[in-house]
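Welcome! Here are some exercises to work through at your own pace, each with a worked solution. Have the structure open beside you.

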Amino acid sequence: MSSTPPTTMPPASTAPAAVAVPATAAATTTTTTTTATTPSGAGPAVTAPERVPVERSKGINGLDKIVLREVRGSSAEVYLYGGHVTSWKNDHGEELLFLSSKAIFKPPKAIRGGIPICFPQFSNLGSLEQHGFARNRFWTIDTDPPPFPTGTPPKAFVDLILKPTDEDLKIWSHSFEFRLRISLSPAGDLMLTSRIRNTNSDGKPFTFTFAYHTYFSVSDISEVRVEGLETLDYLDNLQNKERFTEQGDAITFESEVDKIYLGTPTKIAILDHEKKRTFVLRKDGLPDAVVWNPWEKKAKAMADFGDEEYKHMLCVEAAAVEKPITLRPGEEWRGRQELSAVPSSYCSGQLDPRRVLQGS
């Protein structure tokens, strides 16, 4: 398979430095109080709660997690184990990601749901364990990340870093730095930006595949459709990765699906009819999109997945799979995805086609 050239990063010297959470910090409260200044002779100053945008605390089974909060009420939770986003809520407190009720928060098992990071191998496309090892390693907080060329960063973000251990080098003999920024915009959009650099000292390039294995929470899989992938070619993992062309006006679900769509657009919409909600996935540097739902039989076969939970989830994954990424020493690749959730519009009982995909 041919390789995709690495993304050329623009100069970042003028970008603002990142605000990192110290590795030893552990906020114990989620609000602070601010006091308004009042003119002489006025009544008592008014106090108002102010959300702490970044908080470190203990999660399930004592695993460290970072909680991001925006002033309007949206939030996200990130476990250092796996660099794994496990929760993303809108400003009404509604959970937007699926996390299995049977998810096992116990290393070395990967967490079922949220947004697992698949690196340096997607699925079983190589000699490593399923989906590589990044999702079941402990990441650290990056206290001195290089500036991101994205303008002024939001207040609610965290920078993580993963480097190979001696054990990792035994199974994948390449040195790398994987930097991951997870941020929450004031509007509640969730962005993940990955920067992977080849730090081999032996002059050797390395090749990898990658995916953000995002599990979206949906009301009823039979009431969901995906737009933006119609007429595209895909590899069907249920038919030995045979290549087909999508025929439908939109993708709907009535049985197991496991497909890798190729050469996909930068924007994909997941429309949930019952919740009248549309997820918009925007991506950069990730040409493929994986669509997966295990359906009933495989759901029952997974110990960390409820028998009926397949009805309430759908994975749509921004990925680089068909054409693996190759980096020479010193080169860096960047892959970004941004998730937003907006109200759906309907016409005569049907989803309003193209409105979201053609919008901004």
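**Exercise 1. Find out how strand S9 and strand S10 run relative to each other, and how many bridges join them.**

Step 1. Strand S9 (residues 156–162) is joined to S10 by seven bridges, and the two run antiparallel. Strands here are DSSP runs of E with at least two residues, numbered from the N terminus, as helices are (H or I, at least four residues). Two strands pair if DSSP finds at least two bridges between them.

Step 2. Before going on, a word on the model. It is a predicted one, where local features need pLDDT of at least 70, side-chain atom pairs count only at pLDDT 80 or more, and totals for chains, interfaces and linings use all residues. Residues are numbered from 1 along each chain as its sequence is written, and side-chain values use heavy atoms, with hydrogens and water left out.

Step 3. Now look at one position: isoleucine 161 stands opposite arginine 179 in S10.

**Exercise 2. Follow S10 to its partner S11, then decide whether the residues of S10 are buried or exposed.**

Step 1. S10 pairs with strand S11 (residues 190–198) over nine bridges, in the antiparallel sense. Leucine 180 faces serine 194 of S11.

Step 2. Five residues lie between the strands of this hairpin, and glycine 188 has a positive phi near 95°.

Step 3. Strand S10 (residues 176–184) is mostly covered, with nine of its nine residues buried. Buried means under 20% relative accessible area, exposed over 50%, and partly exposed in between (1.4 Å probe, protein chains only).

Step 4. In a regular strand the side chains alternate between the two faces of the sheet. In S10, Phe176, Phe178, Leu180, Ile182 and Leu184 point one way, while Glu177, Arg179, Arg181 and Ser183 point the other way.

**Exercise 3. Place these strands in their sheet and name the strands at its edges.**

Step 1. The sheet is open and has nine strands, in the order S8-S9-S10-S11-S23-S20-S19-S14-S17, with antiparallel pairing.

Step 2. Strand S8 (140–141) and strand S17 (251–252) are at the edges; each has a single partner strand, so one side of each has no neighbour in the sheet.

Step 3. Further along the order, strand S20 (residues 277–284) and strand S23 (residues 332–343) run antiparallel and are joined by eight bridges. There, arginine 277 is opposite proline 343 in S23.

**Exercise 4. Trace the pairing from S3 through S4 to S5.**

Step 1. Strand S3 (residues 54–58) runs antiparallel to S4, with five bridges between them. Serine 57 stands opposite lysine 65 in S4.

Step 2. The hairpin of S3 and S4 has five residues between the strands, and asparagine 61 in the turn has a positive phi of about 55°.

Step 3. S4 also pairs with S5 over five bridges, again antiparallel. Here serine 75 in S5 is the bridge partner of arginine 69, and glycine 73 in the hairpin takes a positive phi near 120°.

Step 4. Strand S4 (residues 64–69) is mostly covered: five of its six residues are buried.

**Exercise 5. Work out what kind of aromatic pair tryptophan 139 and phenylalanine 178 form.**

Step 1. The whole structure holds 24 aromatic pairs. Rings of Phe, Tyr and Trp (its six-membered ring) pair if their centres lie within 6.5 Å; planes under 30 degrees apart count as stacked, over 60 as edge-to-face and the rest as tilted.

Step 2. For comparison, tyrosine 79 and phenylalanine 105 form a tilted pair, 5.1 Å centre to centre with 55° between the planes. Both residues of this pair, tyrosine 79 and phenylalanine 105, are buried.

Step 3. The ring centres of tryptophan 139 and phenylalanine 178 are 4.8 Å apart and their planes stand at 70°, so this pair is edge-to-face. The two residues are 39 apart in the chain, with tryptophan 139 in the loop between S7 and S8 and phenylalanine 178 in strand S10.

Step 4. Tryptophan 139 and phenylalanine 178 are both buried. They also belong to a cluster linked by ring pairs, whose members include Phe119, Phe133 and Trp333.

**Exercise 6. Explain why cysteine 315 forms no bond with cysteine 118.**

Step 1. A disulfide is a pair of cysteine sulfur atoms within 2.5 Å. By this rule the count is zero disulfides.

Step 2. The cysteine sulfur closest to that of cysteine 315 belongs to cysteine 118 and is 9.2 Å away, which is too far for a bond.

Step 3. Cysteine 118 is buried, with a relative accessible area of 0%, and cysteine 315 is buried with a relative accessible area of 0%.
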